[in-house]
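Student: I've got a new structure open and I'm not sure how to read it. Can we go through a few features together?

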Amino acid sequence: FLIQVADITMSDARITVYPEEEGMYIAAVDFAEGFDAQKIAAENKAIFAEHAAAEQKTLAEFIAGYAYKGEQTFHPSRLSPKSDYVVYAYGVDAEGNATTDVIVEPFKSLPVEPGPMVDCKIDIVAENLTSTSVKVVFNPSDPTVQYFYRPDTRISAKTGRVTSTSIWFRS
């Protein structure tokens, strides 16, 4: 596999994977810290098996719908600014077993660019709080202001109120 990372910003990148052989493959982005190329295929296979069972599919059916074929370009969701990431790709068979080595391409998202201060207040509301999930709603006072958040929001289990989150503004 050849992996190309381009157009990197503080929250996005354009990833293109060029397979050298035909067949299915898995490609994804992960945090660089703690990433283990020797374990990722087995970890993914276990996750795929859970998803297949939840969707009442065989593992082969799930893999066929999830794995890539041919050249693919994608954008990872919600990169955090100034963070180290890896893009990885490996061949996979219908049962989720790795058929090639895991190829890894590291990259770093850009820091938040300095810019003018913006007068915007964001109300953060936690809704539908359960023991395993929460819906977090961001209500900016100025809907024209772009903002980015990192999904590390912490919510008090006692009060249901947001105690911390990471938000970046961009005018």
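Tutor: Sure, let's start with Tyr90: at 0% relative accessibility, Tyr90 counts as buried (buried means under 20% relative accessible area, exposed over 50%, partly exposed in between, with a 1.4 Å probe and protein chains only). This is a predicted model, where local features need pLDDT of at least 70, side-chain atom pairs count only at pLDDT 80 or more, and totals for chains, interfaces and linings use all residues. Residues are numbered from 1 along each chain as its sequence is written, and side-chain values use heavy atoms, leaving out hydrogens and water.

Student: How are the rings of Tyr88 and Tyr90 arranged, and what is the angle of their planes?

Tutor: A pair of aromatic rings is described by the distance of the centres and the angle of the planes. Rings of Phe, Tyr and Trp (its six-membered ring) pair if their centres lie within 6.5 Å; planes under 30 degrees apart count as stacked, over 60 as edge-to-face and the rest as tilted. For Tyr88 and Tyr90, the centres are 6.3 Å apart and the planes at 10°, so the pair is stacked. Tyr88 is buried too, at 5%.

Student: Which residues of helix H2 are buried?

Tutor: An α-helix has 3.6 residues a turn, so residues three or four places apart point the same way. In H2 (residues 59–66; helices are DSSP runs of H or I, at least four residues, numbered from the N terminus), Leu59, Phe62 and Ile63 are buried. Seen down the axis, the buried residues of H2 fall within an arc of 95° (taken from the directions from the helix axis to the C-beta atoms), so they line one face. The face turned away carries exposed Ala64 and Gly65.

Methods: Helix = DSSP H or I, 4+ residues; strand = E, 2+ residues; numbered from the N terminus.
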